[in-house]
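Biologist: I'm new to reading protein models. Could you walk me through how to spot charged pairs and buried residues?

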Amino acid sequence: MACSGEEVTDEESGEESNSMNLMEFSDEILLHILRYIPVSDLVLNVQRVCRKLSVLSLDKSLTHTVILHKNYQVDKGKVKQLIREIGIEIHELNMAGCYWVPGITIDQVTRCKNLMKLNLSGCHLTSLRLSKMLSALQHLRSLAIDVNPGFDASHLSSECKATLSRVLELKQTLYTPSYGVVPCCTSLEKLLLYFEILDRSREGLIISGQLMVGESNVPHYQNLRVFYARLAPGPVNQEVVRLYLAVLSDRTPEKLHAFLISAPGGFAQSCAVKNLLDSMARNVTLDTLQLPRSWMNGSSLLQLLKFSNHVYFSFSRCSLSGSQLVQRVLNGGKDLRSLVSLNLSGCVHCLSPDSLLRKAEDDIDSSIVETLVASCCHLKHLNLSAAHHHSSEGMGKHLCQLLGHLKGLLSLALPVCAVADVSITTTDKPTVQPVANVASQGFGKKVRIGVQTYSRNCLEQGNSKPPSSVFWTLLESLPFLEKLELIGSSFSSAMPRNEPAIRNSLPPCSRAQLVGDAEMAAIGQLAFLQSLTLAQLPNVLTGSGLISIGVQCQRLRTLSLANIGLMGKVMYISALMDMLKQCKCLQDLRLEQPYFSANAQFFQALSHCSSLQRLCIISRSGTLQSDAVMSFMASCLEVIMCHMFTGESLTVCRNLQHSLIRSFQADRPALNVVVFPLLHEDLTDVIRDVPMMHLDEITLFKSRVAEEPPNLWW
């Protein structure tokens, strides 16, 4: 019956009878649909819709695993309610990075009696709270925690130690010199250690990395299969990791198949380390390897170690030559189809036969790349950044053309100069005139200095393949690429790790001058692209290629732009704003650019990114408009991280930070705001208070392709 009394036509009644209610789907189909909804939403919202969804939302297949990681809207009340309703059903609980959830709420995890996997990295956890929690979780087999100053293993109860004795996987982030709970984990098969110990306390006291030898009490590594250690800069981290390795050197686990140590800068070997490596060469066969560059350089270690079923290799920053790469890593070109991930970041000579007489800017040897591509045909992750990989003008021998044969690549990192096409003559490339010359071209049309114009139909122009574009051909060959990094070979971020933000940036490679807007537009081909990093592209004039990326790469989640175009002028701001209006799925934006003006126009464009959660702006001599920031935060309700390091005064920064926290903290429990002068002497003290999840993932710049082995942690 029509509500208005009008007759219903046969066509309309047919459409009504053919329509299908969602609740008419089978339970199997509905369960499949519900798997895409976070468990917290299922339990707290969806199950209240109707009786059928109430039953399905609590199905064991959906409540078995609960992931609260990056679920920024979950506050302490929702966590309590969630655990109260389905705690007994949860077998895997991931609360990594839930820094806003108070410790008293985390105590509720004791209700999850059947937990087998628990990730509390980045959560507030004392030794007493951990003891109480683990005493109730007798089925636990996988654990991730932080060890903060004040941790005392003597507070752990016998019941807690009994649970730890059955743990097979442990991930431990150390903020203080300690063995943590490792001595209690007597059955470990996988040990992941993240060393984030600062050299000085908040009071300025020097921290010692010395630990009591007797405290280690770890003769229990015989079952260890995976050992991973990642060190932040600083000698104290090296000092502590040596103590862990000394225990390993006494009795090297025969089942060890993955051994990885990631350490920045120099890391000298100790006698214990040499003994460990010698023992590994005799007793173990590895499929995953990463060592500090000082351990590899000039060493015959690669000849001694045995490998099988290769999965992941990282030789980042090592002086590995092309002949060593082919003979010792690629087994002379033998089948390495099992190799999934390869990190050659900073290996300046890895694509040349030797490193004795070669300059860093000399052309690469294409035969080495051909061997790499043929041997590792199933590579999914490849990092060749932080080096000069210049191709010669030989037909079909360009690095981009050869890498195009790796059809299965999901992530790729390249130096900007590596994608330059030297076969294109200078007449084929658009000429770049200095700004001073452009401004003095006589009595023609006036040109506004610092404001570049671009054609509004640049998207149509960008879709047509430029002649002889090797970079376009490469991306055309990698349709499933999800992560792309183009980083200048001499790029250095102005954002420090543990040192002042005063750095003299090196000039870009001369070949990078051949890479500009056309190459940027080529990225728009990547329909599955989720993460994009572009750093030190000096020849980008208008940034028009950004619009192609924004329109066509609709799955883009993470965008990092640094030092694009001329350093004294932000030439691409107009194109960037047009791009941002298209990025409906963008969640993380990092923008590092000197003299950048974070004004009302920029934030108005950014407000179109309705999914944005984290924003980081780093700009030496840059400015910001406080009112524009406040309006932006008020309109973008999903934003929970706002980091801005500019040239504004300390007073302006503090006032804005206090206003943001006062206005939005109550409605956004996960809100993390840092507004601070980039060149202020206290910046390092401010950074240490940033949650590690944000600091590591977005605030600090680094190449993230093949950074760690795939599926290192669950």
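**Reading charged pairs and buried spots**

Modeller: Sure! Let's start with one pair: Glu592 and Arg590 form a salt bridge, with their closest N and O atoms 2.8 Å apart. Keep in mind that this is a predicted model.

Biologist: What's the general idea behind such a pair?

Modeller: Side chains of opposite charge can pair when their charged atoms come close. Here, a search of the whole structure turns up 15 salt bridges.

Biologist: Are Glu592 and Arg590 buried or exposed?

Modeller: Both Glu592 and Arg590 are buried. For contrast, look at Asp335 and Arg337: they form a salt bridge too, with the closest N and O atoms 3.6 Å apart, but Asp335 and Arg337 are exposed.

Biologist: Which residue does Arg614 meet in a salt bridge?

Modeller: Arg614 meets Asp588, at 2.8 Å from N to O. This pair links distant parts of the chain: Arg614 sits in strand β19 (residues 614-618) and Asp588 in strand β17 (residues 588-592), 26 residues apart.

Biologist: Why does Arg614 count as buried?

Modeller: The cut-off for buried is under 20% relative accessible area. Arg614 counts as buried because its relative accessibility is 2%. Asp588 has a relative accessible area of 9%, so Asp588 is buried as well.

Biologist: Which residues are linked in a network of salt bridges?

Modeller: Look for Glu196, Arg230, Asp696, Lys702 and Glu707: salt bridges link them in a network.

Biologist: And what about charges on the surface? Which residues form a positive patch there?

Modeller: For a patch like that, you look for residues that carry like charges and have no salt bridge. In this model, Lys76, Lys80, Arg84 and Arg111 form a positive surface patch. One of them, Lys76, is found in helix α6 (residues 76-86).

Biologist: Let's leave charges. Where does Ser345 lie?

Modeller: Find the loop between β11 (341-343) and α16 (366-375), and Ser345 is in there. Its relative accessibility is 7%, so Ser345 counts as buried. The side chain of Ser345 also makes a polar contact with the side chain of Ser385, at 3.3 Å.

Biologist: Can I try a loop residue myself? I'd pick Thr542.

Modeller: Go for it! Thr542 lies in the loop between β15 (531-537) and α22 (545-552). With a relative accessible area of 9%, Thr542 is buried.

Biologist: What lies 3.3 Å from a polar atom of the Thr542 side chain?

Modeller: That's the backbone nitrogen of Ser544. So here a side chain pairs with a backbone atom, while Ser345 and Ser385 use their side chains.

Note on methods:
Residues numbered from 1 in each chain as written. Predicted model: local features only at pLDDT ≥ 70, side-chain atom pairs only at ≥ 80, totals over all residues. Heavy atoms only, no water. Patch = residues over 30% accessible without salt bridge, like charges linked within 9 Å, V, L, I, M, F, W, Y side chains within 5 Å. Areas by Shrake-Rupley, 256 points an atom, 1.4 Å probe, with all protein chains shown as cover. Salt bridge = Lys/Arg side-chain N within 4 Å of Asp/Glu carboxyl O. Lys, Arg positive; Asp, Glu negative; His and termini not counted. Charge placed at Lys NZ, Arg CZ, Asp CG, Glu CD. Helix = DSSP H or I, 4+ residues; strand = E, 2+ residues; numbered from the N terminus. Buried < 20%, exposed > 50% of the residue type's maximum accessible area, 1.4 Å probe, protein only. Polar contact = N/O pair within 3.5 Å; in protein donor to acceptor, adjacent residues only side chain to side chain.
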